Amino acid sequence: IRCWSNIPFITMPLSRAHGKSFAHRSELKHAKRIVVKLGSAVVTRGDECGLALGRLASIVEQVSMLQNQGREMMIVTSGAVAFGKQRLRHEILLSQSVRQALHSGQNQLKDMAIPVLEARACAAAGQSGLMALYEAMFTQYSICAAQILVTNLDFHDEQKRRNLNGTLHELLRMNIVPIINTNDAVVPPPEPNSDLQGVNVISVKDNDSLAARLAVEMKTDLLIVLSDVEGLFDSPPGSDDAKLIDIFYPGDQQSVTFGTKSRVGMGGMEAKVKAALWALQGGTSVVIANGTHPKISGHVITDIVEGKKVGTFFSEVKPAGPTVEQQGEMARAGGRALAALQPKQRAEIIYRLADLLTDQREEILLANKKDLEEAESKGRLALPLLKRLSLSTSKLNSLAIGLRQIAASSQDSVGRVIRRTRIAKDLDLEQVTVPIGVLLVIFESRPDCLPQVSALAIASGNGLLLKGGKEATHSNQILHHLTQEALSIHGVKDAVQLVNTREEVEDLCRLDKLIDLIIPRGSSQLVRNIQKAAKGIPVMGHSEGICHVYVDTDASVEKVTRIIRDSKCEYPAACNALETLLIHRDLLRTPLFDQIIDMLRVEQVKIHAGPKFASYLTFSPSEVKSLRTEYGDLECCIEVVDSVQEAVEHIHKYGSSHTDVIITENEKTAEFFLQHVDSACVFWNASTRFSDGYRFGLGAEVGISTSRIHARGPVGIEGLLTTKWLLRGDNHVVSDFSEHGSMKYLHESLPLPQRNTN
């Protein structure tokens, strides 16, 4: 028998097979039976007199939602003492005011002294009201709740324990939410020198142990312990170096320093950890989280059940590698070491990686073959994604060429002076380029993205976290291994990290203290999800690639079909492929129009008719469902416009500001199009497929940005740099530049140092 507080714990609960807890957060969504423990700080107001009604209502809503999903929910609650204290204080004040009015004829409420209230009396006065409140709240969701009060003595008696177990199982069978609390009206007084610290409040420390006991006894899948702290920290919360522990493993408690307990209640974090570890040993997963934070309390329980990174998750399975937080710190330190290298050394790393891509070609293609075979056998990837997943000798050769371009162009990227100003005599200011910091690049089905992005991060001195799709696991692992091998020649192996843990993308997007910029590479849905999930971290990229080609009346017959074919058919899955073909109305029923249609048919491109185009035809192709569609395959929309102005308006209304093209021999019309289309890339008589970092001479790209801030279009090394200001003075102070000071501002522009063009 184990004893924590006054509750005895039997190591093997009655009729409980020794279960196994969930190993990963992502498995919590499978939890069927859940206990939610509400600490005093969660249930009570800040003044400790009364309940936090808004918070309680939100918790009831979340519990009801999960109950209505078919889960079996139980609540272990505090709050009776606080609720009762509020009621008794009101009664005492009312009684005193009546007596004083009778004796003195005037109300002197402000001089009244409220006596110390006995906690058991507060509990007796508050229990019925607390339960009535729970019943009223659960009734709003058509859920019935039942109250169970227990004392320490109930766990000493074998028959009472069996009765309690049977009652709870029967309530759960009838879809009723049991609300369990210690019967504070009859419990013995607190022991001297316990954690009561002289405050006359009934200890609720037992509720942590009670929740753990019930969770194991009832074979619960998950115990959620809500308190007024985010979870477990590696040092007392509030201290400068305190870091939230994402996953806590048995045996880690020796490395943790426990801080003070919450403002109310007697549990304290140490008691919670002991109870959590006991429940974990009994086969119940545990999460300790904050139930009071206004920004997260409205969804903290449902977030935990969905497997999101909230609070501290207790697990018996310790991963072999570092956590993603540790990888972020390693990337930060490695990136700073990388930025401190000489430009020539960074270039040597990239040259080495380019050589490894060709030298280790067979190993890379073998790993890629495994990914392709697994994807095809499971049938989970569409044909365009399979094409993106596939690597070939020619792809690897092109990658190596691109990497060498990056190495050659990176010689003066970091630390380049872009502005020099003489502020005053002997006071010179410089603006220089520096790395952004740590980049998180999330990519799908594109293993060739890994060496490209790695090379750009190395050239720009940035730390890098890479999160690839599981469909490219084998390819990504070998490519990352080769990247780290190249980095090792100058001792900066940790600068590029591949996230292999079962981390959800949404959780990665919350690491705002570790990540400075997120760059998604994948489907429009992936990009939108990341943009929505990123909290406090800027996202660079584009959610869609709806690229247009406008064929003007003055277009060359020889150029039209050639440019359209290349834009649509060369690689239809690319984000810079043609999706909507705009044709001037005067070209309908002309030989040029017939040539365009014939070419698309030969290339097996499925045509969707825009509303205006369909109106000109007796028998038209299927009408497009939306003019704002990215097909990513051998499909495109054809629409008719009356002028170049209408083409520009159509692009602004339905485009994605990615890449748009005009085909014409009229220079005036072309210049109008180039100047008025507000997209990242606007071309004249050239394929949309030129919108690419390699083709622009950037060597490679981390993506194409349609943002208006910082970088736009294909983003190479320059887009991964920011600036800082360096001021060199000699005992200068601002007061010298005042009206009666001895110095004057000069603000003279100085020549820039000559760039290294070798």
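The following legends describe close-up views of a predicted model.

**View 1. Parallel pairing joins four strands in an open sheet.** The strand order is β15-β14-β13-β16. Strands β15 (496-498) and β16 (517-521) occupy the edges, and each has a single partner strand, so one side of each is left without a neighbour in the sheet. From one strand to the next, the twist averages 20°. Within the sheet, strand β13 (residues 438-443) pairs with strand β14 (residues 463-468) in the parallel sense, over six bridges. In this pairing, V441 is placed opposite L466 of β14.

**View 2. Helices α9 and α15 contact strands of the sheet.** Helix α9 packs on the sheet and touches β13, β14 and β15. The direction of α9 makes about 140° with that of β14. Helix α15 (residues 473-487) lies across β13, β14 and β15. Relative to β15, helix α15 runs at about 160°.

**View 3. The largest nonpolar core contains 51 residues.** Those that touch the most other members are L338, I349, I350, I364, I406, L464 and L466. Helix α14 (residues 449-460) supplies the largest share of this core, namely eight residues. With neighbours within four places in sequence left aside, the contacts of I349 are L338, L341, I458, A486, L487, I489, H490 and V492. A second core, separate from this one, has 38 residues, including L38, M73, V177 and V305. In soluble globular proteins, nonpolar side chains tend to be buried together.

**View 4. K309 and E325 form a salt bridge.** The N to O distance between the two side chains is 3.0 Å. Residue K309 belongs to the loop between α8 (300-305) and β10 (312-314), whereas E325 belongs to helix α9 (residues 324-340). The pair links distant parts of the chain, the two residues being 16 residues apart. K309 counts as buried because its relative accessibility is 16%, under the 20% limit.

**View 5. A salt bridge connects R420 with E430.** The closest N and O atoms of this pair are 3.6 Å apart. R420 is located in strand β11 (residues 417-424) and E430 in strand β12 (residues 427-435), with the two residues 10 residues apart. R420 is partly exposed, at a relative accessible area of 24%, whereas E430, at 16% relative accessibility, counts as buried.

**View 6. E570 and R689 meet in a salt bridge between two loops.** Their side chains approach to 2.6 Å, N to O. E570 lies in the loop between α18 (557-569) and β18 (578-584), and R689 in the loop between β22 (681-684) and β23 (703-705), so this salt bridge ties together parts that are 119 residues apart in sequence. E570 is partly exposed, with a relative accessible area of 43%. R689, by contrast, is buried, with a relative accessible area of 7%.

**View 7. Salt bridges link five residues, E158, R161, R162, R213 and E217, in a network.** The acidic members of this network are E158 and E217, and the arginines are R161, R162 and R213. In the whole structure, a search finds 33 salt bridges.

Definitions and conventions: Residues numbered from 1 in each chain as written. Predicted model: local features only at pLDDT ≥ 70, side-chain atom pairs only at ≥ 80, totals over all residues. Heavy atoms only, no water. Salt bridge = Lys/Arg side-chain N within 4 Å of Asp/Glu carboxyl O. Buried < 20%, exposed > 50% of the residue type's maximum accessible area, 1.4 Å probe, protein only. Pairing = 2+ DSSP bridges. Axes fitted to C-alpha atoms, helices over the stretch in contact; angles between N-to-C directions. Contact = heavy atoms within 4.5 Å. Core = buried A, V, L, I, M, F, W, Y, C linked by side-chain atoms within 4.5 Å.
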